[in-house]
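Notebook open, coffee at hand. I want to go through this fold strand by strand and jot down what I look up.

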Amino acid sequence: MANFSKISVANDARTELHDKLNLTGAEISVNNLPAGAGVPFVHYHKKNEEIYFITAGKGTAVIDGQTVELSAGDWLRIAPAARRQFAASANEGISYICIQVRENSLEEYTADDAGIEQ
C-alpha cells in the first residue's frame, strides 16, 4: 500500500481527508449539515480556491453577500478571497465535498500528466 491510501467515511458532520489519506497537493473534506443547520462562521482563504460538489440535499452558500441556491449535482468554484458561508435548507439537509487547492497551480492535467504503459 505504499502507493495508495484507502479509507471509509461515515456521515459525520465533517471529515477532513488531508491526514487520513496523506494528501500532499489538496485538502478534501466531506461535509453533512442537517436541515436548518449552517456553518457557524464566514471564512475565506489566502491562497486556496475551493471546489464544492453537492452530493445530496439542498441549501445555500452566501458568497460575498450573494446567496447562491445549491442542490444535489451542483458544482461550485470559489476564489480564495471570497467570503463564504454554507447552510442547509430549513426542511432538508445538505451533503457536499469540498476540494481545496492552490489557485493557479494546475500545470498539467488529464493526458498531459499521464503515462501510458503498453
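Which side chains along strand 5 point to one face and are buried, and which point to the other and are not? I looked: L76 and I78 share the buried face, while W75 and R77 point to the other face and are not buried. Buried here is under 20% relative accessible area, exposed is over 50%, and partly exposed is in between (1.4 Å probe, protein chains only). Strands are DSSP runs of E, at least two residues, and helices are runs of H or I, at least four, all numbered from the N terminus. That fits the textbook: in a regular strand the side chains alternate between the two faces of the sheet.

Ground rules, for my own sake. This is a predicted model, with local features needing pLDDT of at least 70 and side-chain atom pairs counting only at pLDDT 80 or more, while totals for chains, interfaces and linings use all residues. Residues are numbered from 1 along each chain as its sequence is written, and side-chain values use heavy atoms, with hydrogens and water left out.

**Record check.** I pulled up UniProt, where an unreviewed entry lists "domain: Cupin type-2" at residues 33-99. Its positions use the numbering here, feature names are shortened, and annotations may be inferred rather than shown by experiment. In the model, that stretch is 0% helix and 57% strand, with its end C-alpha atoms 17 Å apart.

**Core.** Next I looked up the largest nonpolar core, which has 15 residues. Such a core is a set of buried Ala, Val, Leu, Ile, Met, Phe, Trp, Tyr and Cys residues joined through side-chain atoms within 4.5 Å. Among those with the most contacts inside it are Y52, L76, I78 and Y96. Strands 3 (48-63), 5 (75-78), 6 (84-88) and 7 (94-102) each give two or more residues to this core. Strand 3 gives the most, with 4 residues.

**Y96 and S29.** I followed Y96 outwards, skipping neighbours within four places in sequence: its contacts (heavy atoms within 4.5 Å) include S29, V39, Y52 and F86. S29 sits in strand 2 (residues 27-33) and is buried, with a relative accessible area of 2%. With the same kind of neighbours left out, S29 touches R14, T15, E16, Y96, I97 and C98.

**Strand pairing.** Two strands pair if DSSP finds at least two bridges between them. Strand 3 runs antiparallel to strand 4 (residues 66-71), with 6 bridges joining them, and T60 stands opposite E69. Their hairpin has 2 residues between the strands, and D64 there takes a positive phi near 50°. Strand 3 is also antiparallel to strand 5, through 4 bridges; I51 has R77 as its bridge partner.

**Salt bridges.** I found 4 in the structure, counting a side-chain nitrogen of Lys or Arg within 4 Å of a carboxyl oxygen of Asp or Glu. R14 pairs with E16 (3.0 Å, N to O). E50 and R84 meet at 2.7 Å, N to O, linking strand 3 to strand 6 across 34 residues. Both E50 and R84 are buried.

Where does the R77 pairing lead? R77 forms a salt bridge with E103, the closest N and O atoms being 2.9 Å apart. R77 lies in strand 5 and E103 in the segment after strand 7, so the pair ties together parts 26 residues apart in sequence. E49, R77 and E103 are joined into one network by salt bridges that share partners. R77 is partly exposed at 44% relative accessibility, and E103 is partly exposed at 29%.
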